[in-house]
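Welcome, and please open your viewer. We will go from stop to stop, with something to select at each one.

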Amino acid sequence: MKIGIVCYPTFGGSGVIATELGKGLASLGHQVHFITYKRPARLNAFYENITYHEVNALQYPLFEYTPYESELASKLVDVVTYEKLDVLHVHYAIPHAAVAFMAKQILKTKGIYIPVVTTLHGTDITLVGTNKAFASVVEFSINNSDAVTTVSDSLRKETMEKFDISNDIEVIYNFIDPERFKRLNKDHFRKAIAPNGEKILIHTSNFRKVKRVGDAIKAFAKVRTELACKLILIGDGPERQAMEELCRQIGFCEDVRFLGKQDAVEEILAIGDLFILPSQNESFGLAALEAMACELPVISTNIGGLPEVNTHGETGYLFDVGDIDGMAASAIQLLSDPENLAKMKKNAFNRSQEFKLERILEKYVALYQKVISLTPKTTTV
Ligand code: GMT
């Protein structure tokens, strides 16, 4: 198949999933075309069967805001027409699903019919999508996609509750590439971070408010009073500065490492003992799944799709949003009990293997085949 993928090219989870999906599809021999405004962060090498099309954001004195949607729609029309794509898969409803709808209508006038698959990732529904500024467009785009998927059952339910949805929504979970996300031997790195055998807690996010990184830091402060430990924070974003200041205020900067954005996350996860994800909202929690694949139990909140990934008392522990004391107490208990820690590491790894790339690829391939089979190759105006 010839598949066009539209996504945010940044380090956000939706872009990561879209890129890894494209790489997986390409490895099966499909021709994949990424259409984005910047090279996706995880598309960091040459891949056979992958072509990247950049959407150039035209600067013009009249434009206070670059009309990106129009440029993306034109680019989609161009790529679908000349690369003869079979299907367009857009990740994150805003604005991609609406833009794909527009491109589809333009293509129809040229006698080309392209089915559109929309994948909803989370904040496009839970935080941003329901905002009046976007809601009617989001609802329309969902109802007018040829197929719609969400990354968890929780997000599917929330989409159904918050919008007037007439379309079917299929749940296709996030996934990990087990060849990449596995426990690696990085003892030299571990020694550099924790020279005295301290336990290592890890958090990864894009440092937006919704991630409540401050809760991870405050929970760590409590754990640190009971046992020798270090905290590694991976990622960057709007809250980074405030989080650095919080560490200075608490006064344990020497035990907290801010690593910023990282490509080889798995190499860092390889030295961890415990992962912490105290989010306010999380439709799935890809960061937690990646950690579990690297044998880290997860302490997380119990919101959104997190309970579909992390099982309380088995692969980690789940708490209400803001329950810093609960998170800290369970971390202390787990890190002080080598037997339980070893068991949970194993459980976390085993659970992660249920979300292997190859299983999820099959589902997307079947969905593409279905929408393509229901679509006439060309149409008359
Ligand atoms: O929150 C992020 O890290 C980025 C965001 C996105 O849409 O780029 O992530 C969402 O999509 C991920 C991939 O499907 C999910 O694993 C995250 O749970 C989800 N984030 C939220 O719901 C807050």
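Start by selecting K23, which you will find in helix 1, the run of residues 13–27. Keep in mind as you look around that this is a predicted model. Is K23 buried or exposed? K23 is buried, because its relative accessible area is 15%, and the cut-off for buried is under 20%. Now show side chains and add Y47 to your selection: the side chains of K23 and Y47 make a polar contact of 3.3 Å.

**A pair of histidines**

Next, pick H53 in strand 3, which covers residues 50–54. Which residue does the side chain of H53 meet in a polar contact? Select H33 as well, and you will see the two side chains joined at 2.8 Å. H53 has a relative accessible area of 13%, so it counts as buried.

**The ligand**

Now bring the ligand into view. How many residues surround the ligand? There are 18, and the closest are S14, H121, R208, E282 and S283. If you colour this shell by class, you should find four nonpolar, eleven polar and three charged residues. Try colouring by domain too: domain 1 (2–175 + 357–373) and domain 2 (187–355) each supply at least three residues of the shell around the ligand.

Stay here and show the backbone of F284, G285 and L286, one after another. A backbone N or O atom of F284 sits 3.1 Å from a ligand oxygen atom. For G285, a polar backbone atom is 3.0 Å from an oxygen atom of the ligand. L286 also brings in a backbone N or O atom, at 3.0 Å from a ligand oxygen. How much of the ligand does the protein bury? Taken alone, the ligand exposes 490 Å², and the protein buries 93% of that.

**Backbone stops**

Switch to a backbone view and select I94 and P95. The peptide bond joining I94 and P95 is cis, with omega at about -10°. P95 belongs to the loop between strand 4 (87–91) and helix 3 (96–109).

Move on to F207, in the loop between strand 8 (199–204) and helix 8 (213–226). F207 is not a glycine, yet its phi is positive, near 50°. Is F207 buried or exposed? With a relative accessible area of 0%, F207 is buried.

Another positive phi awaits at E295, where the value is about 70° although E295 is not a glycine. Look for E295 in the loop between helix 11 (286–293) and strand 12 (298–301). E295 is partly exposed, because its relative accessible area is 29%, which lies between the 20% and 50% cut-offs.

**Cysteines**

Select the cysteines next. A disulfide is a covalent bond between the sulfur atoms of two cysteines. How many disulfides does a search of the whole structure find? The search finds zero. Take C229, which is in no disulfide: the nearest cysteine sulfur belongs to C247 and is 12 Å away. C229 is buried, at 4% relative accessible area. C294 is buried as well, with a value of 0%.

**Distances to try**

Here are some pairs for your distance tool. Begin with T149, a residue of strand 6 (residues 147–150). T149 is buried, with a relative accessible area of 0%. From T149 to L227, the C-alpha atoms are 43 Å apart in space, and the two residues are 78 apart in sequence.

Then choose A216 in helix 8. A216 is buried at 1% relative accessibility. The C-alpha atoms of A216 and E239 lie 13 Å apart, with their positions 23 residues apart in sequence.

Finish at S336, in the loop between helix 13 (324–335) and helix 14 (338–352). Which backbone oxygen does the side chain of S336 reach? That of I332, at 2.4 Å. S336 is partly exposed, with a relative accessible area of 48%. For your last pair, draw a line from the C-alpha of S336 to that of A194: the two are 142 residues apart in sequence and 16 Å apart in space.

Definitions and conventions: Residues are numbered from 1 along each chain as its sequence is written. This is a predicted model: local features need pLDDT of at least 70, side-chain atom pairs count only at pLDDT 80 or more; totals for chains, interfaces and linings use all residues. Side-chain values use heavy atoms; hydrogens and water are left out. A residue is near a molecule or strand if one of its heavy atoms lies within 4 Å of it. A polar contact is a pair of N or O atoms within 3.5 Å; within protein, one must be able to donate a hydrogen and the other to accept it, and residues adjacent in sequence count only if both atoms are side-chain atoms. Accessible areas come from the Shrake-Rupley method with a 1.4 Å probe; for residues, only the protein chains shown count as cover. Ala, Val, Leu, Ile, Met, Phe, Trp, Tyr, Cys and Pro count as nonpolar, Asp, Glu, Lys and Arg as charged, and the others, Gly among them, as polar. Domain bounds come from an automatic or database domain assignment. A disulfide is a pair of cysteine sulfur atoms within 2.5 Å. Buried means under 20% relative accessible area, exposed over 50%, partly exposed in between (1.4 Å probe, protein chains only). Helices (H or I, at least four residues) and strands (E, at least two) are DSSP runs, numbered from the N terminus.
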